[in-house]
Amino acid sequence: MKDKTINIRMSEELFNLLTLKAKAIGKSNSEFIREAIQETEVKQSNSKDISRLIASLNHIGNNINQITKAINIAKLQNKLVDIDFDDIENILTISKRYLKDISENN
């Protein structure tokens with residue numbers, strides 16, 4: 001028995017997308033939404049994983065900033081060819097390690 005009503009606000013673009021998808025499968029907007037609710041699997045996020053992910057992304061961002069700073073300093077000093085590419089390679093290797101850790105833990 002459908003005796004509960006909800007009202008939601010959405011942009012015209014989102015409403016048009018909803019209508020387009022519902023019509024594509026021969027459903028009304030309401031039927032489409034009800035079926036989506038019933039068929040959608042909700043996954044709970046693990047806040048520890050998210051915190052680790054954010055920390056890893058911060059490390060990667062810091063590494064990229066270090067690379068950018070080194071290149072800019074070298075460029076200003078007309079020593080762009082003298083950059084220690086070993087340091088840059090090490091920073092990128094560390095970044096790859098963080099990305100690998102992220103992908104393995106999720």
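User: How much area does the chain expose, and what share of it do carbon and sulfur atoms supply?
Analyst: The chain exposes about 9500 Å², and 54% of that comes from carbon and sulfur atoms. Areas here are Shrake-Rupley values with a 1.4 Å probe, and for residues only the protein chains shown count as cover. Keep in mind that this is a predicted model, where local features need pLDDT of at least 70 and side-chain atom pairs count only at pLDDT 80 or more, while totals for chains, interfaces and linings use all residues. Residues are numbered from 1 along each chain as its sequence is written, and side-chain values use heavy atoms, with hydrogens and water left out.

User: What makes up the secondary structure of the chain?
Analyst: There are 4 helices and 0 strands, so the order from the N terminus reads α-α-α-α. Those labels are DSSP runs numbered from the N terminus: H or I over at least four residues for a helix, E over at least two for a strand.

User: How does the chain's radius of gyration compare with that of a compact globule of 106 residues?
Analyst: The chain has 25 Å, whereas a compact globule of that length would have a value near 13 Å. The radius is taken over C-alpha atoms, and the globule rule is 2.2 Å times the number of residues to the power 0.38. The C-alpha trace spans about 75 × 30 × 25 Å along its principal axes.

User: Why is Ile 67 called buried?
Analyst: Its relative accessibility is 12%, and buried means under 20% relative accessible area (exposed is over 50%, partly exposed in between, with a 1.4 Å probe and protein chains only). So Ile 67 counts as buried. Ile 67 is found in helix α3, residues 47–76. Leaving aside neighbours within four places in sequence, Ile 67 is in contact (heavy atoms within 4.5 Å) with Ile 88, Ile 91 and Leu 92.

User: Is Asn 63 buried or exposed, and how do you know that?
Analyst: Asn 63 has 9% relative accessibility, so it counts as buried. Asn 63 also has its place in helix α3, and touches Ile 91, Ile 94, Ser 95 and Tyr 98, not counting residues up to four places away in sequence.

User: And Glu 41: buried or exposed?
Analyst: Glu 41 has a relative accessible area of 64%, so Glu 41 is exposed. Glu 41 lies in the loop between α2 (29–39) and α3. Across the chain, buried residues make up 12% of the 106 residues.

User: Where in the chain is confidence lowest, and where is it highest?
Analyst: Helix α4 (residues 85–105) is lowest at a mean of 75, and helix α1 (residues 12–24) is highest at 95. The score is pLDDT, the predictor's confidence in each residue, from 0 to 100. The chain's mean pLDDT is 83, with 92% of its residues reaching 70 or more. Where pLDDT is low, don't read the predicted coordinates in detail.
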